Amino acid sequence: MKKEPILPESRDTTFRDQVLKTHVGEKIPTCMQCGICVGSCPVSHEMDYTPRQLVRMVQLGLKKEVLSSNTIWICTACFSCSVRCPRGIHPTELMETLKPIAIAEGIINKNAKFDNVFSSVIKNNGRASEFLLISRYSMTELGMIKQLPFGLAMMAKGKLPLSIDRMENTRELEAIFKLGEKSGEQKIENKDIKEKDKDKEPQETKMQENENEKVEAKK
């Protein structure tokens, strides 16, 4: 896959500081780019930027490239990279930290489908259901049809139960999801306000310049 060159002016120090101030980001500056995380990752070949590259991009404050990357959504959370990192950096937790930031920024990634389906299953039932998860995800990802023979074989051996185990009381769980949705909406609203303020600034500056010109003309 051809990648666009990363320009110095694309660096965002505010984003970098935002990540570094989290408990996950404390050790990110110590990364020595040894590549152990990449060698440990079972899906690094599917990522547009490897975990090592993503950590370095966070160090540089490359907000757009980091949040638009499919890496944070493809990560399987196997924790191999976190366990083996000699600097004690936790790339797995970094991925989970970056996801809500990307969502709040309104960045849509096609690889977020699985996360959305998983969240929906948990929200409705309170527990994960392998059958519901696989069936619903297959409806959004047509490539999963290739896994049908494997799925049928698992069902035949009783490895993929069709029964759905539901939580009796999901009241607290619903409250957690509502709190998260409210927080996300607030962040998007704040972003829209900031963008509107930025649009107003050039207009206000121009109006002020016109007023100054009129005053000078009267003199």
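These legends accompany several close-up views of the structure shown above.

The model is predicted, so to speak of local features we need pLDDT of at least 70, and side-chain atom pairs count only at pLDDT 80 or more, while totals for chains, interfaces and linings use all residues. Residues are numbered from 1 along each chain as its sequence is written, and side-chain values use heavy atoms, with hydrogens and water left out.

**View 1. The whole protein has 11 helices and zero strands.**
From the N terminus on, the order of elements is α-α-α-α-α-α-α-α-α-α-α. Helices (H or I, at least four residues) and strands (E, at least two) are DSSP runs, numbered from the N terminus. Of the 219 residues, 28% count as buried; here buried means under 20% relative accessible area, exposed means over 50%, and partly exposed lies in between, with a 1.4 Å probe and protein chains only. The protein exposes about 15300 Å², and carbon and sulfur atoms supply 55% of that area. Accessible areas come from the Shrake-Rupley method with a 1.4 Å probe, and for residues only the protein chains shown count as cover. If you look at contacts between residues at least 6 apart in sequence, 65% join residues at least 24 apart; a contact means heavy atoms within 4.5 Å.

**View 2. The largest nonpolar core has 24 residues.**
A nonpolar core is a set of buried Ala, Val, Leu, Ile, Met, Phe, Trp, Tyr and Cys residues joined through side-chain atoms within 4.5 Å. In this one, Val19, Val66, Leu94 and Leu98 touch the most other members. Helix H1 (13–20), helix H3 (51–60), H4, helix H5 (71–74) and H7 each supply at least two residues of the core. The largest share, five residues, comes from H7. To find your way around, try Leu94: leaving aside residues up to four places away in sequence, Leu94 touches Val19, Val24, Ile28, Val55 and Val58. Elsewhere there is a second, separate core of five residues, including Val117, Leu132, Leu133 and Tyr137.

**View 3. Glu96, Lys99 and Asp115 are linked in a network of salt bridges.**
A salt bridge is a side-chain nitrogen of Lys or Arg within 4 Å of a carboxyl oxygen of Asp or Glu. Glu96 bridges to Lys99, with their closest N and O atoms 3.1 Å apart. These two residues sit three apart in helix H7, so about one helical turn separates them. Lys99 also meets Asp115, at 2.7 Å from N to O. Because Lys99 lies in helix H7 and Asp115 in helix H8, this second pair ties together parts that are 16 residues apart in sequence. Is Lys99 buried or exposed? Lys99 is buried, with a relative accessible area of 8%, whereas Glu96 is partly exposed at 42%. Not counting residues up to four places away in sequence, Lys99 touches Ile72, Trp73 and Asp115.

**View 4. A salt bridge joins Glu105 and Lys63.**
Across the whole structure, the search finds four salt bridges. In the one shown here, the side chains meet at 3.1 Å, N to O. Glu105 is in the loop between helix H7 (91–104) and helix H8 (113–125), and Lys63 is in helix H4 (residues 63–68), so the pair ties together parts that are 42 residues apart in sequence. Both ends are partly exposed: Glu105 has 24% relative accessibility, and Lys63 has 23%.

**View 5. The cysteines shown here are in no disulfide.**
A disulfide is a covalent bond between the sulfur atoms of two cysteines. The criterion used is a pair of cysteine sulfur atoms within 2.5 Å, and the search of the whole structure finds zero disulfides. For Cys34, the nearest cysteine sulfur is that of Cys85, 6.2 Å away. Cys34 counts as partly exposed, at 42% relative accessibility. For Cys75, the nearest cysteine sulfur belongs to Cys81 and is 6.1 Å away. At 18% relative accessibility, Cys75 counts as buried.

**View 6. Ile145, Leu148, Leu152, Met155 and Leu162 form a nonpolar patch on the surface.**
Together these residues have about 470 Å² of accessible area. Patches are made of residues with over 30% relative accessible area and no salt bridge; like charges are joined within 9 Å, and nonpolar side chains (Val, Leu, Ile, Met, Phe, Trp, Tyr) within 5 Å. One of the members, Leu148, has its place in helix H10 (residues 148–156). Leu148 is partly exposed, with a relative accessible area of 45%.
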